[in-house]
Amino acid sequence: MKRIIVTGCLGQIGSELVYRLRQEKGLDNVLATDIRKPEGHPVVEEGLFEVLDVLDEEKMLALATEFEADTMIHLASLLSSVAEDKPQIAWHINMSGLMNALEVSRKLNLQFFTPSSIGAFGPETPKINTPQDTLQRPKTMYGITKVAGELLCDYYHTKFGVDTRGVRFPGLISYDTLPGGGTTDYAVEIYYEALKNGSYVCPIGKGTVMDMMYMPDAINAIVDLMEAPEEQLIHRNAFNISAMSFDPEEIKESIQKVMPDFTMTYDVNPKLQGIADSWPDTLDCHVAKDEWQFSPIYDLDKMTVDMLEKLSIKLAKEN
Ligand code: VAH
């Protein structure tokens, strides 16, 4: 990875990945793109930025060509909850956007990354210690686009020799950019509400265990996978990765270790609960550990301490 074009840079992952890549590869070697250009946003102001709708393959090819990219990191996608509200648009954006990014990568011989998700699994998949290679029959449009995306990325590697790589992200928790329209967003909202109101009304039911990861570990995983020697990889799209699994009670208790007066009640959202119930509880991540030494740093309590500390600073600046 020397000259990287990134799509979806204003999103939860993109905003932090761009910051890391600009630090590591140099400001002139990272081209951030997204469908809009908010004035004053660090992603826009602190390095190279272009407006790009991932449905516009011609512009994507022109930008990647002019930038002389050697790597494409494609993050633009609708997430699980919002995709259930508009499934046809979600299929179009997630799949046509991905096809365009793969076509540009094929034409320019770019190394390629796009994330899959634990959402690529369905209710028939083993929920405990979900294997790397197993049944994938998701019941959400988001999950269908993720499974199709995994297969398409493997096809572009086998058929055209594109160096495609991906991970199945769990729920991601971060303080920089709010997630937009995901089922695991509760695990981010709870920290904001704990600091703002001292209490939270959780839309996901007690006992609903899902895989999760703190954003620093997610960013490390993308960079580590992309820089792993190709000959090490037996799998490609996409690797099971996770750092922890918890239910709402466990994250509540973790916050209470720092904020003893924090309280939480439940008002279960049937749509979110239905999606969460169809996903695994815990992933088996040994293949990622074996093939490219995946090793997350943050567990739940370590994440909670850092999240509350960093979010307090951020919220103080905003007020
Ligand atoms: C979502 N945050 O909730 C995303 C992610 C595993 C969850 O794919 O849709």
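Where does the ligand sit? The ligand sits in the largest pocket. The close-ups below start there and then visit other spots in this predicted model.

**View 1. The ligand and the residues around it.** Welcome to the shell of residues that surrounds the ligand. Along the chain, these neighbours are Leu79, Ser80, Ser117, Ile118, Tyr142, Phe169, Pro170, Gly171, Gly182, Thr183, Thr184 and Trp279. Sorted by class, six of the shell residues are nonpolar and six are polar, while none is charged.

**View 2. Polar side chains that reach the ligand.** Three residues are worth finding here. In Ser80, an N or O atom of the side chain is 2.6 Å from an oxygen atom of the ligand. Ser117 also places a polar side-chain atom 2.8 Å from a ligand oxygen. At Thr184, the partner is a nitrogen atom of the ligand, which lies 3.1 Å from a polar side-chain atom. On its own the ligand has 280 Å² of accessible area, and the protein covers 94% of that.

**View 3. A sheet of three strands.** Follow the order 6-8-12 to trace this open sheet, in which the pairing is parallel. Strand 6 (116–117) and strand 12 (239–240) are the edge strands; each has a single partner strand, so one side of each has no neighbour in the sheet. Strand 8 covers residues 167–169 and is joined to strand 12 by two bridges. To see how these two strands line up, look for Val167, which stands opposite Phe239 of strand 12.

**View 4. A cis peptide bond.** Now look at the link from Asn237 to Ala238. This peptide bond is cis, and its omega is near 5°. Ala238 belongs to the loop that connects helix 8 (215–226) with strand 12. Such a bond deserves a second look because most peptide bonds are trans.

**View 5. A positive phi at Glu68.** The last stop is a single residue in another loop. Glu68 is found between helix 3 (57–67) and strand 4 (71–74). Its phi is near 60°, a positive value in a residue other than glycine. That is a feature to notice because most residues other than glycine have a negative phi.

Methods: Residues are numbered from 1 along each chain as its sequence is written. This is a predicted model: local features need pLDDT of at least 70, side-chain atom pairs count only at pLDDT 80 or more; totals for chains, interfaces and linings use all residues. Side-chain values use heavy atoms; hydrogens and water are left out. Two strands pair if DSSP finds at least two bridges between them. Helices (H or I, at least four residues) and strands (E, at least two) are DSSP runs, numbered from the N terminus. A residue is near a molecule or strand if one of its heavy atoms lies within 4 Å of it. A polar contact is a pair of N or O atoms within 3.5 Å; within protein, one must be able to donate a hydrogen and the other to accept it, and residues adjacent in sequence count only if both atoms are side-chain atoms. Accessible areas come from the Shrake-Rupley method with a 1.4 Å probe; for residues, only the protein chains shown count as cover. On a 1 Å grid over the protein atoms alone, a cavity is a set of points where a 1.4 Å probe fits but cannot get out, and a pocket is an open set with protein on both sides within 12 Å along at least five of seven lines; lining residues have an atom within 4 Å of a point. A molecule sits in a cavity or pocket if more than half of its atoms lie within 2 Å of its grid points. Ala, Val, Leu, Ile, Met, Phe, Trp, Tyr, Cys and Pro count as nonpolar, Asp, Glu, Lys and Arg as charged, and the others, Gly among them, as polar.
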